[in-house]
Amino acid sequence: MQRVSLLCVGKLKERFFAQAVDEYAKRLQRFCRLEICELPETRLPDHPSPAQIDAALGREAELIRSKLPPAACVVALCVEGQLCSSEALAQKIAGWATAGDSQLVFVIGGSFGLHSDIKALARLRLSISPMTFPHHLARVMVLEQIYRAYQINAGSPYHK
């Protein structure tokens, strides 16, 4: 059974997002061993400079790297990443499993995204959409798509 980790920068505060995350975590138990790890987001002033943002992303990148298991297949969620259909994501997950990748790590950055070092480590840079969404909602969306991918791979009618 694959292990799937979701490394998230920032704490999930909204109850409705937390409930959705819990629901998908429960559903995913049949398909994988899911771990969700929240890392602290670096606090920045209201109008940070590019240098302040880069320094904060660097500190967050260190925390992310410290939580990455060796030889994990890393998927970085980023706006400039590849758009991918649910079926294509399902194929990627199945392909990784076939290739022996037993540990998948999906990384969601904070409000300013991910440091370029983390993106460089990723096997896949994935974009959820060209639209902008709160990073807390992205957590729910990614979990739903992971669940959908496992359902597709199982031949379930969940995916319509």
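**Reading helix α1 and the core around it**

Q: Which parts of the structure do the buried residues of α1 pack against?

A: In this predicted model, the buried residues of α1 pack against β2 (32-39) and α5 (135-153).

Q: How should I read the length of a helix, and what span should helix α1 have?

A: The idea is to multiply a rise of 1.5 Å a residue along the helix and then compare the result with the distance between the end C-alpha atoms. For the 14 residues of helix α1 (residues 15-28) the expected span is 20 Å, and the end C-alpha atoms are 20 Å apart, so the two agree.

Q: Which residues of α1 are buried, and where do they sit around the axis?

A: As a general idea, an α-helix has 3.6 residues a turn, so residues three or four places apart point the same way. In this helix, Phe17, Val21, Tyr24 and Leu28 are the buried residues of α1. They cover an arc of only 70° around the axis, which puts them on the same side of α1.

Q: Which exposed residues does the face of α1 turned away from its buried side carry?

A: That face carries Arg15, Phe16, Asp22 and Lys26, which are exposed.

Q: How do I read aromatic pairs, and how many does a search of the whole structure find?

A: You look at the distance between ring centres and at the angle between ring planes, with planes under 30 degrees apart counted as stacked. Searching the whole structure gives four aromatic pairs. One of them joins Tyr24 and Tyr147, with 6.1 Å centre to centre and 55° between the planes, and this pair is tilted. Because Tyr24 lies in helix α1 and Tyr147 in helix α5, the pair ties together parts that are 123 residues apart in sequence. Tyr24 and Tyr147 are both buried.

Q: Why is the pair of Phe31 and Tyr150 stacked?

A: The ring centres of Phe31 and Tyr150 are 5.7 Å apart and their planes lie at 15°, so this pair is stacked. Phe31 is in the loop between α1 and β2, while Tyr150 is in helix α5, so the pair ties together parts that are 119 residues apart in sequence. Both Phe31 and Tyr150 are buried, and ring pairs link Tyr24, Phe31, Tyr147 and Tyr150 into a cluster.

Q: How should I read a nonpolar core, and how many residues has the largest one?

A: In soluble globular proteins, nonpolar side chains tend to be buried together. Here the largest nonpolar core has 30 residues, and Ile93, Leu104, Phe106 and Tyr150 are those with the most contacts inside it. At least two residues of this core come from each of β1 (2-9), α1, β3 (73-83), α3 (86-98), β4 (103-108), β5 (124-127) and α5. The largest share, eight residues, is supplied by α5.

Q: Which residues is Ile93 in contact with, leaving aside its neighbours within four places in sequence?

A: With those neighbours left aside, Ile93 is in contact with Gln2, Leu104, Phe106, Ala149, Tyr150 and Asn153. Apart from the largest core lies another core, of 15 residues, among them Leu39, Ala61, Val107 and Leu114.

Q: What pattern does the protein follow along the sequence?

A: The protein has five helices and five strands, and read along the sequence they follow the pattern β-α-β-α-β-α-β-α-β-α. Among contacts between residues at least 6 apart in sequence, 85% join residues at least 24 apart.

Methods:
Residues numbered from 1 in each chain as written. Predicted model: local features only at pLDDT ≥ 70, side-chain atom pairs only at ≥ 80, totals over all residues. Heavy atoms only, no water. Helix = DSSP H or I, 4+ residues; strand = E, 2+ residues; numbered from the N terminus. Expected span 1.5 Å × (residues − 1). Buried < 20%, exposed > 50% of the residue type's maximum accessible area, 1.4 Å probe, protein only. Arc of directions from axis to C-beta. Contact = heavy atoms within 4.5 Å. Phe/Tyr/Trp six-rings, centres within 6.5 Å; stacked < 30°, edge-to-face > 60°. Core = buried A, V, L, I, M, F, W, Y, C linked by side-chain atoms within 4.5 Å.
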